[in-house]
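Hello,

Here is the structure I promised to pass on to you. Please open it alongside this email, and my notes on it follow below.

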Amino acid sequence: MITYNREKRIFKLDTANTTYMMGVVDDEKFLGHVYYGDRISDDGVDYLMRIYEMPYVPTQNPRDRGSFLDTFPTEFAGSYLGDYREGSIRVRDKFGHEAVQMTYRSHEIMSGKSALKGLPSTFPGDEGVETLAITMADDSIGLEAVLYYSVFEKEDCIVRSVTVKNNDDAPIHLTKIMSMTMDMDSEDFELLTLHGSWARERQIDIRPLGYGKNSVGSLRGESSHQENPFMAVVDKGTTQDRGRVYGFSFVYSGNFIAQAEKTQFDSLRLSMGIHPDCFDFKLETGDSFVAPEVVMTYSNAGLGKMTRNYHDMYRQHLIRSPYKNRKRPVLINNWEATYFDFDTDKLLDIAREAKSVGIEMLVMDDGWFGRRLDDNSSLGDWYVNEEKIKGGLKYLVDEVNKIGLKFGIWMEPEMVSPDSDLYRAHPDWAIALPNRTPSRSRNQFVLDLSRPEVVEYVYGCISSVLKSANIEYLKWDMNRQICDPGSLYLGKENQGELCHRFVMAVYELQERLITDFPELLLENCSGGGGRFDPGMLYYSPQIWCSDDTDAIERLKIQEGTALVYPLSTMGAHVSDCPNHITGRVTPFKTRGDVALLGTFGYELDVTKISKDEVDQIPAQIETYHKYNDLVREGDYYRLASFRENHSFDCVQIVSKDKSEALIVFVQVHGRPNCHSRNLRLDGLDPEKIYKVEAENEEIITLHGDTLMKAGLMIANPWGDNVSILIHVHQV
Ligand code: GLA
């Protein structure tokens, strides 16, 4: 998978279908980017770095050393020493200078891949993975960096990360570190990112790449609703199955930047890493800083192939939970059912009715602790409110278990309400800047998790709640973003470390949690999908996708989410109508069919919805059980996008052995006087014979090639927001 051409000094990394190449040039040993794309045979192509044309390498043309540095396609760019494009690293050294420029020293090719200390990271699993470690250094300031490249052959993925070490005799401040820099010719590429807001997360956005810096990022202390830590550089006009696509996904849950900079010579410098704003990490002599991973993939066959690479990669090599290959219990969550207005009796009523229709777990959401009657108080006071939960938590859980349901609970461990016993006792435990009134958001503050005793307190709260009763699921929420980034614990020199230390502490807490409670089903959440990123998936197999449960809005949210993240990770529930966020009314069946494409569950008061709707639940749950293995583990094909066509949506999931497929078709707008639609399926075996069972249609039997090339007719459904399930299975 990884080879080194000694004569040409070129590294070649091969996956099943792609090649990545770098080279060492000139006496100073600059590390350049040679090639990334379709798999190729030769490894001696150093000319691709344009070192034999103007301005040539510095030994051949010392007069234009500056031009060389400013145009050379590099793998790890310095700052302020001649390369004026986005740097990969910046420091403040003992003299107060910020310049840095690293060159190649040595390398090592290893089998396997190590985990990153304290950070989420991909792992080899059963697959033979190889890792290349390239050591770079800047001797003028005593700084070293190791660039790691791990090759996941089957998934066509290359995983990059960087570790920086201070070898100087004095502290150095690291003020910027990109986990990935890559230069390539720009051709006619566009930038695809996942943009959003609360209740509108991960909407696909594609823009042409103009000159200068085109970037997205977060400075909100979490990966955010607003931009996801992902970008793809795609050929203009890329579709699901055509066009070159370079994907970059950042395994991190805090501030980030993803950027494509188009230069004066029409090259692109791509960068991804922790956002350099609000970041200043002090490294004492001998200290190292580990930067998070970027998972890169390349597809020459459109977005669909990129998606399937990421789904396989994250399912096999990132998610660790024992639930990753298991059906999740069908849950009912009381948030949209009751909001804060519930007590033991109400929950037990819901549990009884839920059990009678086949639901398997009750989740008690926000409002069970402290004096939490609304969202103005009590975060941090994680003891049960016995006025609401009469008889206590254990009693409630036991009763729910007796009814025959599992029990899950909601917590928001990173937060504190100004009106809480915790805040009254420890006002200095909240993130705030001295002499400034901190901004409240949802009337709450964020705990300063850089402070070890806060982390201990938080962990103590979570574990004592979980130990107090038979709790089998935890929804870990995070309902505000970080501002006022000051810590009353960290020293003056370390304030710029707060945001990263916060994320590291969240990781530490969740690592402890899943170690101590290995069977717990953990679902992450952040005001809906504000922290839906690969970092969190290392700890929880699923994340609440969005507070927007409207089936039609979900088509777009789930399309953007599934572009990178497996369906097994997307929290999706059937909720009541009119939908609480959009006011839209959709058929109960459509809500169910759309939620089937995620983890599936309910978010409504089953004692209050109509009889007709209650009566549909058992069959919906049966459908979930019938198809969930396929949805969780199959290959994803997007056949049509409502976002693009403004009319209908269609997703197909094909089992790995191509023996069956499920198609979810949603007609959003009814069409008067139109022919049936011809839907060409994908991913089937052309030679296999399949039976096609569409709801309300006659069963037909056809070859895979016929279904994929000639297509399948979908009769024009009557009405808006109508869904149809189609099951295709090998005869
Ligand atoms: C967030 C979550 C919701 C719910 C509320 C409770 O908004 O996304 O699902 O848990 O908090 O306050």
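**The antiparallel sheet**

Gln667 has Val722, in E38, as its bridge partner. Before going further, please keep in mind that this is a predicted model. That pair belongs to a longer match: strand E33 (residues 660-667) and strand E38 (residues 722-730) run antiparallel and are joined by eight bridges. Helix H12 (residues 611-633) packs on the sheet here, where it touches E31, E32, E33 and E38. The direction of H12 makes about 105° with that of E33.

Stepping back to the whole sheet, it is an open one of six strands, with antiparallel pairing and the order E31-E32-E33-E38-E35-E36. At its edges are strand E31 (635-640) and strand E36 (700-703), each of which pairs on one side only. On average, neighbouring strands of this sheet are turned by 20° against each other, ignoring direction. A further helix, H10 (residues 551-562), lies across E31, strand E32 (648-654) and E33. With E31, H10 makes an angle of about 130°.

**The parallel sheet**

The other sheet I looked at is also open, but it has nine strands and parallel pairing. If you want to trace it on screen, follow the order E28-E27-E26-E25-E22-E21-E20-E30-E29. Strand E28 (570-571) and strand E29 (574-575) stand at the edges with a single partner strand each, so one side of each has no neighbour in the sheet.

Within this sheet, four bridges pair strand E25 (residues 473-476) with strand E26 (residues 521-524) in the parallel sense. Leu474 stands opposite Leu522, which is in E26. Helix H4 (residues 344-357) packs on the sheet too, touching strand E20 (331-333) and strand E21 (361-364). The direction of H4 makes about 155° with that of E21.

**Three residues to look at**

Asp138 may interest you for its charge. Its place is in strand E7 (residues 130-138). Asp138 is buried and yet has no salt bridge. How far away is the nearest side chain of opposite charge? That side chain is Arg105, and it is 6.5 Å from Asp138. What the side chain of Asp138 does reach is the backbone nitrogen of Gln101, at 3.0 Å. Apart from neighbours within four places in sequence, Asp138 is in contact with Val100, Gln101, Met102 and Leu143.

Gly367 is in the loop between E21 and helix H5 (392-403). Is Gly367 buried or exposed? Its relative accessible area is 0%, so Gly367 counts as buried, for which the cut-off is under 20%. Leaving out neighbours within four places in sequence, the contacts of Gly367 are Phe340, Phe342, Arg372 and Lys388. Gly367 and Trp410 are 43 residues apart in sequence, with 8.8 Å between their C-alpha atoms.

Met504 sits in helix H8 (residues 498-516). With a relative accessible area of 22%, Met504 is partly exposed. Beyond its neighbours within four places in sequence, Met504 is in contact with Lys117, Gly118 and Leu119. Met504 and Ser253 are 251 residues apart in sequence, and their C-alpha atoms are 9.2 Å apart in space.

Best wishes

Terms used
Residues numbered from 1 in each chain as written. Predicted model: local features only at pLDDT ≥ 70, side-chain atom pairs only at ≥ 80, totals over all residues. Heavy atoms only, no water. Pairing = 2+ DSSP bridges. Helix = DSSP H or I, 4+ residues; strand = E, 2+ residues; numbered from the N terminus. Axes fitted to C-alpha atoms, helices over the stretch in contact; angles between N-to-C directions. Contact = heavy atoms within 4.5 Å. Buried < 20%, exposed > 50% of the residue type's maximum accessible area, 1.4 Å probe, protein only. Lys, Arg positive; Asp, Glu negative; His and termini not counted. Salt bridge = Lys/Arg side-chain N within 4 Å of Asp/Glu carboxyl O. Polar contact = N/O pair within 3.5 Å; in protein donor to acceptor, adjacent residues only side chain to side chain.
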